[in-house]
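Reader: I have the coordinates open and would like to go through the fold. Short answers, please, each ending on what I asked for.

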Amino acid sequence: MQKQKIGVIGGGLMGHGIAYLLAAAGHNIGVFEPEANVRASMPARLHAIADLLGDDSALLQRIEAHGQLAAAVKDAAFVFEAAPEKLPLKQRIFAELEGAVAADTILASNSSAIPSTEIGRALTHRERVIGTHFWNPPHLVPLVEVIQNEKTSDAVVHATMELLRDAGKTPVHVRRDVPGFVGNRLQHAMKREAFALVAAGVCDAETVDTVVKEGFGARTAVLGPMEQSDLVGLDLALDIADVLYQHLDSTASAPAILREKVKAGKLGMKTGEGLRKWGPGEADAVRQRLSRFLAEQAKARKKGSA
Ligand SMILES: NC(=O)c1ccc[n+]([C@@H]2O[C@H](COP(=O)([O-])OP(=O)(O)OC[C@H]3O[C@@H](n4cnc5c(N)ncnc54)[C@H](O)[C@@H]3O)[C@@H](O)[C@H]2O)c1
C-alpha cells in the first residue's frame, strides 16, 4: 500500500498506540497533543512499545508530535481522532479539521460510545466521517470496528478497512452507528449478568473471573459465540435459550452494586479496592500479565504473517 501522511489527534493512551501501529506500517504520522507534558512523555512511551514488540525503534522517526492541530494534519490522507470522550470537544475538533485538511481527507473518530453521526453533524463533507473503534492497547489488540454512519460513503469504509488491514489489524465493518457498536454491546451484556450474579450472592467477583478465564474464555479466542452455536447445534442452542433467557438480568440501567461502590470511593485497582481488594503489587502483576500475554500474541501473529 502507498505510504501516506496520517494525522492523530490526542497523544494519550489510545493516540500514541494508534500513531505507533500506523508508523510501523510505514506511514508518516503527525500527532496533535495540546499538553506539553504529554507531548514530552511520548518518546518514552513509544520506545516502550518498540521494546515490548522487539521492533526497530528507527520507525519512531516517522512520528512527529505537534502543539498545533494544523501542523499535525498537514497533507494528511487520514486523521484518527483520539481526544477525550466529550461530544462538544470532538465536534470542535472536527470543525477545525474540516478547515485544515482537504475535502476528501478521511476523518475517523476512536470514540468508545459517541456516534460519529453526532461528531460530524455540522460538517460540510460528512461522507468522509467514520467511526474507527480501536481496543486498548491499540497496537496489541487486533480488532478495529469500522463504523459506517448514515452519511459515510462506501468508498470511505473501503479505504479505511484497507489501511487498517495493511497495518496488520483486523477491521470489521459495522453497518449502523448504534451505541456501543458490536464489541462493547457484547462485552457489557456479559458484565451486566456478572454484576447481577455477584449482587445476588450467587458467587463472588473472583469466581466470575475464574469461570470466564478457565471456562468459555479459554476457547473464545478461537471460537466465537456464533460458531459455538453452530458447533453444538442450533436445536440445543434453542432449548437452552428457551429455559435460560427468562432468568437473565435485563435491568435497563447501571447496576446498584456499581453505583454503591463508586459512591464509597471503591474504584478498583487505582484505589486498592473495587469488586475485590487489591494488595500492594497485585494490580501491577495483573497489568504485566495482560501486557505480556497481548505482546506474545501480537508477535506470534506477526511471525505467522511474515
Ligand atoms: N482508553 C480506552 O480503553 C479506550 C478504548 C477505545 C476507545 N477509547 C476512546 O479513545 C479516546 C481517547 O481516549 P484515551 O483513553 O486515549 O484518553 P487519554 O486521556 O489518555 O488521551 C486523550 C488525550 O487528548 C488530549 N487532548 C485534550 N484536549 C484535546 C484537544 N482539544 N485536542 C486534541 N487532544 C486533546 C489530552 O491531553 C490527552 O493526552 C476517547 O474517545 C475514548 O473513549 C478509549
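Author: First, a definition: helices (H or I, at least four residues) and strands (E, at least two) are DSSP runs, numbered from the N terminus. The model is predicted, so local features need pLDDT of at least 70, side-chain atom pairs count only at pLDDT 80 or more, and totals for chains, interfaces and linings use all residues. Residues are numbered from 1 along each chain as its sequence is written, and side-chain values use heavy atoms, with hydrogens and water left out.

Reader: How many helices and strands does the chain have?

Author: Both kinds of element occur in the chain. The count is 13 helices and eight strands.

Reader: What radius of gyration does the chain have, against that of a compact globule?

Author: The radius is taken over C-alpha atoms, and the globule rule is 2.2 Å times the number of residues to the power 0.38. The C-alpha atoms fill a box of roughly 55 × 45 × 45 Å along the principal axes. For 306 residues the rule gives a value near 19 Å, and the chain agrees with it at 21 Å.

Reader: What share of the contacts joins residues 24 or more positions apart?

Author: Contact means heavy atoms within 4.5 Å. The base is the set of contacts with a separation of 6 or more. Of these, residues 24 or more positions apart account for 66%.

Reader: What percentage of the residues is buried?

Author: Buried means under 20% relative accessible area, exposed over 50%, partly exposed in between (1.4 Å probe, protein chains only). The base is the 306 residues of the chain. The buried share is 38%.

Reader: How far apart do the centres of the positive and negative side chains lie?

Author: Lys and Arg count as positive and Asp and Glu as negative; His and the chain ends are not counted. Each charge is placed at NZ of Lys, CZ of Arg, CG of Asp or CD of Glu. There are 36 positive and 36 negative side chains, and their centres are separated by 4 Å.

Reader: Why is H1 described as largely enclosed?

Author: H1 covers residues 13-24. The buried set includes Met14, His16, Tyr20 and Leu22. H1 is largely enclosed by the rest of the structure because its buried residues number 10 of the 12.

Reader: What distance separates the end C-alpha atoms of H1, and which residue with positive phi follows the helix?

Author: The expected span of a helix is 1.5 Å times one less than its number of residues. For the 12 residues of H1 that gives 16 Å, and the end C-alpha atoms agree at 17 Å. With phi near 105 degrees, the residue that follows is Gly26.

Reader: Is Ile6 buried or exposed, and what does Ile6 touch?

Author: Ile6 sits in strand E1 (residues 5-9). Its relative accessibility is 0%, so Ile6 counts as buried. Leaving out residues up to four places away in sequence, its contacts include Leu22, His27, Ile29, Phe78, Phe80 and Leu163.

Reader: Which elements cover the buried residues of H7?

Author: H7 has 17 residues and reaches 24 Å between its first and last C-alpha, close to the 24 Å expected. Its buried residues are Gly183, Asn184, Glu193 and Phe195. The cover includes E6, E7 and helix H12 (256-263).

Reader: Which residue with positive phi follows H7?

Author: The phi there is near 75 degrees. The residue is Gly201.

Reader: Asp75 and Phe181 have positive phi too. Is each buried or exposed?

Author: Asp75, with phi of about 65 degrees, lies in the loop between helix H3 (69-73) and strand E4 (78-81). Phe181, with phi near 50 degrees, lies in the loop between strand E8 (170-174) and H7. At a relative accessible area of 64%, Asp75 is exposed. At 3%, Phe181 is buried.

Reader: What is the omega of the cis peptide bond from Asn136 to Pro137?

Author: Pro137 is in the loop between strand E6 (129-134) and strand E7 (143-147). The bond from Asn136 to Pro137 is cis, with omega near -5 degrees.
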